[in-house]
Amino acid sequence: MRAAILHKTGQDTLDVRDDVVAVGFGPGRVRVRLRAASLCHSDLSAMNGVLPQPAPFVPGHEGAGDVVEVGEGVAGVAAGDRVVLCWMAPCGRCAHCERGRGHLCVSSLRRLGAPGFRFGGDDGADGGGAGEGGPGGAVEASGFYGTGAFAEEVVVDQNAVIKVPADLPYELAALIGCGVTTGIGAAVHTARVEPGASVAVIGAGGVGVAAVQGARVCGAGRIAVVDPVASRRERALAFGATDALAPEELKGVAKSLPGGGFDYVFEAVGRAATVRAGYDAARRGGAVVVVGAGAQDDLAQFTMGELFFNEKRLLPSLYGGASVPRTVALVVDLWRAGRIDLDGMVTHRVGLADVNEAIAQMRSGEALRTVVTLG
């Protein structure tokens, strides 16, 4: 089958190959024929090393397709079901899972780098570790955070798939796998934005636009989107933003609001500097919702005095801030009711052979979401 491989962390482009095999099928595992995947900025962060992911690996974690085969003991999905991938597969047994907070389960991260694919070999036998020589000279690779959506087929844990309705188009289902769920969940579950609230969203990529839509669903009265790229912030107006601001305009607009700032500021970039800008733009008693995935060594700084005196809440939001299947179901319901626009978020489409074009479109800010069609 075909898949796109990153051979070494820091490389700018992927190697699209047709000699790749998905490995690891067995009890508790599910084989999925992927039909669509969308490119998320987290894929680029894994490629450049900001997010930890051992290479070689197959990027992509926003994927949708059909279950082909289920292993012994798998419950909840069957062959023929339409599913989306979940890149933080919960174990279902830990304290977080038992509390209904499976999005905080880290069991899947303990398997980071586990083999999910093999390429370049002479036969289809299993063996070897990721990056090591396997049978017939094959090399094994992992899938990004246990998935690897830039492939025609994946083998994943049973908890890494979420069943969705059969009439949900594959390309829209792919968006729900991460970015849309993350942004809408941040507004609905983490922030719990009140009707009439003032909101700023820093970063007008896919997650930022989803946060805009989530704030609109909650009934926010004013939604300002902040981005250095004019076309990106102007595009956000079509999804419910009321103001499109360049970064240098944020401070002045915030000060002009009642209370001297926004009720909620969503940071959807993943950088300490924009978290700090969001904190400064929030009113006293307001909230800064940190949605962007940043680097481990990028330190945001606050003084103890300002944290105490301003009572601004810092609210990190991981993968929508709630059980992922629950948030996915919410997003599907909102889409069915016409309350969110998923179609408009797909600005570009390419085939797997042109996945590097999709990467260039995201780096330039040209694309909101590029969908990679997989047949």
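Here's a quick briefing on a sheet, the nonpolar cores, a pocket and two buried residues in this structure. Keep in mind that this is a predicted model. The sheet is open and has 4 strands, while the largest nonpolar core takes in 105 residues. The second largest pocket holds about 250 Å³ of space.

**The four-stranded sheet**

- Reading across the open sheet, the strands come in the order β3-β8-β9-β5, and the pairing is mixed.
- The edge positions go to β3 (20-22) and β5 (57-58); each has a single partner strand, so one side of each has no neighbour in the sheet.
- Start at the β3 end: β3 and β8 run antiparallel and are joined by 3 bridges. Here Val21 sits opposite Arg118 in β8.
- Next along, β8 and β9 also pair in the antiparallel sense, over 4 bridges. Phe119 has Val139 in β9 as its bridge partner.
- At the other end, β5 and β9 run parallel, with 2 bridges between them. Phe57 pairs up with Ser142 in β9.
- How much of β9 is buried? For strand β9 (residues 139-143), it's 4 of the 5 residues, so the strand is largely enclosed by the rest of the structure.

**Nonpolar cores**

- As background, nonpolar side chains tend to be buried together in soluble globular proteins.
- In the largest nonpolar core, with its 105 residues, the ones with the most contacts inside the core are Phe150, Val193, Val199 and Phe266. Helix α5 (residues 206-218) supplies the largest share of this core, at 8 residues.
- Val199 is a handy place to look around. Setting aside neighbours within four places in sequence, Val199 contacts Val193, Ala215, Ala220, Arg222, Ile223, Ala224, Phe262, Tyr264 and Phe266.
- There's also a second, separate core of 15 residues, with Ala254, Leu257, Val265 and Ala282 among them.

**The second largest pocket**

- Which residues are closest to the centre of this pocket? Out of 21 lining residues, they are Arg29, Arg111, Ala114, Gly146 and Thr147.
- Two elements, β8 and β10 (153-157), give two or more residues each to the lining. β10 gives the most, with 4 residues.
- By type, the lining splits into 12 nonpolar, 6 polar and 3 charged residues.
- So β8 turns up twice in this briefing: β8 is a strand of the open sheet, and β8 also helps line the second largest pocket.

**Two buried residues**

- Ser108 belongs to the loop between α2 (95-98) and β8 (115-119). Is Ser108 buried or exposed? With a relative accessible area of 11%, Ser108 counts as buried because that is under the 20% cut-off.
- Beyond residues up to four places away in sequence, Ser108 touches Trp87, Met88 and Ala89.
- Val226 is part of strand β13 (residues 222-226). Val226 is buried too, with a relative accessible area of 3%.
- Leaving out residues up to four places away in sequence, Val226 touches Val201, Ile202, Gly203, Ala204, Leu245, Ala246, Pro247 and Leu250.
- If you want a distance to check in the viewer, take Val226 and Ala46: they're 180 residues apart along the chain, and their C-alpha atoms are separated by 25 Å.

Key: Residues numbered from 1 in each chain as written. Predicted model: local features only at pLDDT ≥ 70, side-chain atom pairs only at ≥ 80, totals over all residues. Heavy atoms only, no water. Buried < 20%, exposed > 50% of the residue type's maximum accessible area, 1.4 Å probe, protein only. Contact = heavy atoms within 4.5 Å. Core = buried A, V, L, I, M, F, W, Y, C linked by side-chain atoms within 4.5 Å. 1 Å grid on protein atoms, 1.4 Å probe; cavity = no way out; pocket = protein on both sides within 12 Å on 5 of 7 lines; lining within 4 Å. Points joined across faces, edges and corners; volume = space filled by probe spheres on them. Nonpolar A, V, L, I, M, F, W, Y, C, P; charged D, E, K, R; others polar. Pairing = 2+ DSSP bridges.
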